[in-house]
Amino acid sequence: MSTAPILGLEPGVTADVVPARRKGGFVWQVIRERPVAAVGASVVLAFVLIAVLAPVLAPYGLHERVGPVYGRPSRQHLLGLDDGGIDMITLLMYGARTSLLVGFAATLVAGVIGGGIGILAGYFGGAVDAVLMRVTDYFLVIPDVPFMIVVAALWGPSLTHIILVIGLLLWTTTARIVRSQVKSIRERVYVKRAGAMGAGHARIVLRHILPQVAPILVANVVLTIAVAIFDETALSFLGLGDPSKISWGKIIENAFQRTALSSGAWWAIVPAGICVALPILGCTLVGQAMEDALNPRLRVSHLGARKFRVRAMVAKGEL
Amino acid sequence: MRGIDYVLKRTGFALITVFVAITLNFVLFRALPGDAITNLSRVPHATPQLKRAIAKEFGLDKSKWQQYVIYLEQLAKGNMGISYEDQQPVVSKLKEKLANTIPMVALGTVIAILLGVVTGVISAWRRGTYLDNLSTMTAMAFYSFPTQWLALMLIILLAGFFPVSGRTDVFLLNPSAWQHFKDVMIHMTLPALTVALTLYGEYTLIVRSAMLETLGEDYVLTARAKGLKPWTVVRRHAFRNAMLPTVTLMAISLGYIVAGQILIETVFGWPGIGRAVFLAVSERDFPMLQGAFLVLTLVVVFFNLAADLLYFRLDPRITT
Amino acid sequence: MTLLEVRDLHVWFDLPHGGELHAVQGVGFEVDPGQRLGLVGESGCGKTTTILALMGLLPGNATVAGSVLLDGEDILAVGEDTVRPHRWKDVAMVFQGAMNALNPVRTVGDQIVEPMELHGIAEGEAARRSARELLEMVGIPGSGASRYPHEFSGGMRQRAALAMALACQPQVLLADEPTTALDVMVQAQILEMLVALSTELNLALILVTHDLPVVAQVCERAAVMYAGRIAEAGPVDALYHDPRHPYTRLLFAATPDLHGERDVVSIPGTPPRLDRPIVGCPFQPRCDRAFEPCPVERPELMGVGSNHIAACHLNTVAAWNGA
């Protein structure tokens, strides 16, 4: 899974420059205008709330054994119990904390690195650009999952390490997109003028370039969150997650390792997967809506299933 | 042949990337702190003889530079070392694992491509309708489900009909070639199906996007103006052009797919290269791990190069 | 019987949030073989939609009404099915900006041969030969047939598009802004070619443009469109020297005069919205000679001279009396 196909923007393609607006303003606008994005955003928000409020919302304790191994779903335990007799819903809520935390944190890492490298490469151009792009190319070629496994195994499975590993893998697409955008913005007159007036590099970047890059950066970041959550789930499943923390991936792993399937305990597996999919789907919807807003492909379609209609002639004045 | 210099240039780049990958591979496994190979105390089967043999082979008593040179020499000879687990040469083990993974992945990918192209084209054709929205949502949903979860779901649903573990039936003794083939195929079904389901969503969205792009191009209007039937216009003009970026994106994704099958192979116990990586990690079988990682990187580089050349071949607009 | 007659053509587009945009509101005109008619107006006035409608090249959210009579037969009667057989064979089109009108991954020759084979004009080697001849006719060496569109300059691409349009020997050629985005020298060449082809092949030409000098150079007659309707139509000379609609007069005045003798006058204001019914004359808010009936009553097209019609209250008896 990667962000490139969804984002549809390849290096060299730039988004329409959005008039300088607060980052928050752009996000809000997209959500308001597109109901699909609103749905996606609400889903993500809902999960974030659940994660944050887990200790308050969870019906039972995280380590509290309330029934038999793989207890069936019942009225007190809508999603049954896991192999330790712990309430599934509680597990899922606490699991949200880790999964979402890693997702957001890793994306932050990727965004900072990718954004930084993209800006540097796009702004300075020349040798700096060439070197940075070579580095990006090599990182791109690294196979994701094996790399995560290797590094997580070598480094030891702690939350920080996982966040860093995932972040290290995901920054490349961000870097490329930011670089394209910065390059095109740099050509704009007012940036050149600011440079002529003696403004320092940092000032130019912060005041002129960053606001223009922000929308597309945000769109990419949102989509990256989806991938980061996905990757964390994969890592946990392979037993490389932080053993002290419960995450959705870990729930699935536990179920797999401890033969939930042969015990017929589908509730130990199915809800966890759905929990992972929903925020990913939400982020994808929002991110794609943002990308559509920035890159308005002509709504024109010269051909489609629908044909134009012919209206019969009636007396003048009635058409 | 047009642009032979372009081909050479891109192949050259790929080779450089390969070289860099080899070097980084060395750095990752040997030169970083937490040096896995030298920290032999973590190796479970390490008898003193084994440790001595390893130290000798990898030249662990020499400097890093010399180790690097030895490493390159060995690679040039096609020697990736001996697996700790069963003392077999890494290269032959990797060959076998790769040969297990590729058919499974290929089958799944072919299904995914067919499914993705069909749904993508139909979605674009009926853009904005209920069908389009449904198909796009479904594609996104499958794209979002964790791979291992999908695998498990398939097991839950189809366990009675298909074997859920392994590549062959261990109880099938002395099978004929045909029986063996059937046996493998039936074991391959669920894993390949999982590959297909995880992949198709991405392909649907790519195809749909590319088709919408071409359907809005002026040459499609021209084709329609010539009096061609709508479906002919789609087939000969829109689809053909939409496939250009699509095919290259698909080719690139293939590289990562081969690498990413760890999850599926783990769930289904499929003895492929992904699973080999995972087992190597848990067994601390570092030569195997290092070899597998290198091979996977090479696969990615290969497919990236293939995509590059393919696009160049297909699109007459690309000169150097 | 005229070759092509358009009667009371209407086109509506469905709007995304409901409602309709009435893009073309009762347009009518006719051409005979060898005649060249210009369709002039600002962008958004509906001229492109009009000629697209002639070939039924409207998108799925469009509704059309009226008749398009080709040799007396209404080709728009049922819609796509009745109009498709006539495409390219009877009525062909050259689009704005041939940059994208040609498929970039197929050779120019292939694209010229395609309609020939489709309509049964020629096949195989004979078709390829004809394609080369067509290219020569528009000033491109025959070897260009095996080249791809991106290998040509803008002007040559437009000529190739022209050759392609003539592949099936149509009776009517529609040209939508064929010279916009080309430089002046190339423009002049293409326009000369259009005139020559029209004369030699007895081809009827409908030229859509916002550029008045182009119309003056190429066409004998022109129709000026505003807000989806025809404001005035007649011989180009008459439109220039004796405009009977303020919009026509202002349009000609807005064209920079090469000799620098006139001031450039731009028309203040913007065209009206077409998603609501318009009361009165659509040009009235921007008109410099509007009077009492203008905001209230819609002016109908009426004869104001030999083969010259205009839709303006100023031409009525009342205006003469009042003025």
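**Exercise 1. Find the bridge partner of C:Leu37 in β9(C), then describe the strand pairing around β3(C).**

Step 1. In β9(C), C:Leu37 has C:Arg221 as its bridge partner. This is a predicted model; local features need pLDDT of at least 70, side-chain atom pairs count only at pLDDT 80 or more, and totals for chains, interfaces and linings use all residues. Residues are numbered from 1 along each chain as its sequence is written, while chains are lettered from A and ligands numbered from 1 in the order in which they are written.

Step 2. Strand β9 (residues 221–226) of chain C pairs with β3(C) in the parallel sense, over 4 bridges. Strands are DSSP runs of E, at least two residues, and helices are runs of H or I, at least four, numbered from the N terminus. Pairing requires at least two DSSP bridges between two strands.

Step 3. Strand β8 (residues 204–209) of chain C also pairs with β3(C) in the parallel sense, over 5 bridges. Here C:Leu205 stands opposite C:Arg36.

**Exercise 2. Describe how α3(A) packs on α5(A).**

Step 1. Helix α3 (residues 35–52) and helix α5 (residues 88–124), both of chain A, pack at about 110°, with axes 7 Å apart. Axes are lines fitted to C-alpha atoms, for helices over the stretch in contact; angles run from 0 to 180 degrees between N-to-C directions.

Step 2. α3(A) and α5(A) are therefore roughly perpendicular (65 to 115 degrees; under 35 is roughly parallel, over 145 roughly antiparallel, the rest oblique).

Step 3. A:Phe47, A:Val48, A:Ile50 and A:Ala51 in α3(A) meet A:Met93, A:Ala96, A:Arg97 and A:Leu100 in α5(A). Contact means C-beta atoms, placed from the backbone, within 7 Å.

Methods:
Two residues are in contact if their C-beta atoms, placed from the backbone, lie within 7 Å.
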